[in-house]
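User: Could you take a close look at the nonpolar interior of this protein for me? I'd like to see how it fits into the chain as a whole.

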Amino acid sequence: MSKIVSREIRLASRPTGKPTAANFSLVHTELDPLQDQQVLVRNLFMSVDPYMRGRMNDQKSYIPSFKLGKPLEGGAVGEVIESRVEEFKPGDVVTSNFGWREYFMASPKDLHLVSHEFQPLSVYLGALGMTGMTAWVGLNVGEVKAGEVIYISGAAGAVGNVAGQLAKLRGCRVIGSAGSDEKVKFLREECGFDAAFNYKHGPISEQLKVAAPDGIDVYFDNVGGEALEAALSSLRIHGRIVACGGISSYNKAKPPPGPSNLFNMTAKRLTMKGMIVRDWLDHQSMFEKEVGRDFRVGKLKSKETVVEGIDQAVDAFLGLFKGKNMGKMVVKLT
Ligand SMILES: NC(=O)c1ccc[n+]([C@@H]2O[C@H](COP(=O)([O-])OP(=O)(O)OC[C@H]3O[C@@H](n4cnc5c(N)ncnc54)[C@H](OP(=O)(O)O)[C@@H]3O)[C@@H](O)[C@H]2O)c1
């Protein structure tokens with residue numbers, strides 16, 4: 001087989017504050033010949049996710065930093081082109097953590113076989129992938145039950161819209177906030193949210209009080225900042241917070257001070273639980289079975305914003321911080 005040229009995105013420099021295109025470089029590489037016990041994969045879709053912003057910093061966290069001058073990593077769905085292992089054959093569809101590149105070679109332990117049944121295959125990066133599983137785990141961590149009122153910030157994004165749909169399936173009253181009127185319409189009309197508001201139209205605390213005059217039982221936090229502060233005021237006694245993310249501060253060079261009304265935690269005996277989806281990988285098959293069933297029968301809808309070409313991947317990533325996506329932001333590579 002002639003040598004394969006693959007394009008990949010590398011970390012060129014570490015940002016302070018908001019990342020820009022200058023922090024990345026697009027590089028052509030030539031793949032080595034395939035070795036025994038290796039699989040050659042061509043990526044079909046790759047994921048861009050807010051958590052990657054943290055990996056651009058040189059800091060100790062729950063996941064290693066990206067290395068300067070090296071290709072970035074992240075979720076991807078690809079097709080096996082050539083295989084020197086028994087477990088995979090050409091044509092198989094696999095997910096991996098070798099995103100941000102067009103082709104790669106890996107050992108079988110780094111690949112996860114998925115079915116062709118669910119289409120488009122990018123759904124394995126969204127509703128049936130890491131972000132869908134984050135939504136599912138978050139609802140379990142928050143012990144969300146029928147009859148409860150849940151508020152979800154960042155609701156029109158990848159995690160948020162699935163969390164809202166799954167909470168509706170559990171029998172909750174679901175409230176969401178998002179950054180445009182189009183997103184609010186999507187939440188109400190396509191995802192079945194009971195109420196939704198545009199957080200740019202006025203103070204979140206006031207809009208949340210209108211949507212949930214009797215308060216909320218659970219807050220699913222994707223955003224932090226003002227949304228968290230509003231939720232602390234609206235939570236009922238013994239309410240719970242699922243601390244999933246805090247995108248409002250990811251690009252802040254200096255973290256803003258915490259919520260001014262944290263005493264609500266004490267006064268209302270609240271519980272706030274942090275969760276990281278990768279701690280729950282032993283539940284992946286349960287997630288795939290349960291949420292896959294909802295998806296198969298049309299109870300769960302998948303929404304994506306698709307950008308084409310690896311040369312557009314950086315823009316897609318930067319777009320997450322400008323609210324450019326509705327549902328999961330994915331990059332189509334072929
Ligand atoms: N704990 C875990 O294991 C885990 C796993 C996956 C994701 N997460 C977290 O979950 C959250 C959502 O992730 P996702 O993949 O679903 O991303 P996403 O919501 O699909 O995309 C990001 C969205 O965040 C909103 N946003 C951007 N900047 C904002 C700001 N300054 N203030 C308020 N909203 C802002 C934008 O929507 P608007 O137009 O609505 O502003 C944007 O579309 C993130 O915080 C992420 O880090 C956590």
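Analyst: Happy to. In this predicted model, residues 24 or more positions apart account for 67% of the contacts in the protein chain with a separation of 6 or more. The chain carries nine helices and 15 strands. Its radius of gyration is 20 Å, close to the 20 Å that the globule rule gives for 334 residues, so the chain is as compact as a globular protein of that length. Along the principal axes, the C-alpha atoms fill a box of roughly 65 × 45 × 35 Å. Of the 334 residues, 52% count as buried.

Now to the interior itself. The largest nonpolar core has 48 residues, and the members that touch the most others are Tyr124, Ile150, Ile152, Leu187 and Phe220. Several helices and strands give two or more residues to this core: the strands are β3 (39–47), β8 (149–152), β9 (173–178) and β11 (216–221), and the helices are α2 (130–141), α3 (158–169), α4 (181–189) and α8 (284–296). The most comes from α2, which gives six residues.

Tyr124 is a good place to zoom in. Once its neighbours within four places in sequence are left aside, Tyr124 is in contact with Val77, Thr95, Val114, Ser115, Phe118, Gly129 and Met130. There is also a second, separate core of 24 residues, and Phe66, Ala316, Leu320 and Met329 are among its members.

Val93 is another residue worth following. It lies in strand β5, which spans residues 93–96. Val93 counts as buried because its relative accessibility is 2%, and the cut-off for buried is under 20%. Not counting residues up to four places away in sequence, Val93 touches Val77, Gly78, His112, Leu113, Val114, His116 and Leu121. Val77 and Val114 thus appear in the list for Val93 and also in the list for Tyr124. For a sense of scale, the C-alpha atoms of Val93 and Phe321 are separated by 30 Å, and these two residues are 228 apart along the chain.

Finally, the outside of the molecule. The accessible surface of the protein chain comes to about 15500 Å², and 52% of that belongs to carbon and sulfur atoms. As for charge, the chain has 42 positive and 37 negative side chains, with the centres of the two sets 5 Å apart.

Technical notes. Residues numbered from 1 in each chain as written. Predicted model: local features only at pLDDT ≥ 70, side-chain atom pairs only at ≥ 80, totals over all residues. Heavy atoms only, no water. Helix = DSSP H or I, 4+ residues; strand = E, 2+ residues; numbered from the N terminus. Rg over C-alpha atoms; globule rule 2.2 N^0.38 Å. Buried < 20%, exposed > 50% of the residue type's maximum accessible area, 1.4 Å probe, protein only. Contact = heavy atoms within 4.5 Å. Areas by Shrake-Rupley, 256 points an atom, 1.4 Å probe, with all protein chains shown as cover. Lys, Arg positive; Asp, Glu negative; His and termini not counted. Charge placed at Lys NZ, Arg CZ, Asp CG, Glu CD. Core = buried A, V, L, I, M, F, W, Y, C linked by side-chain atoms within 4.5 Å.
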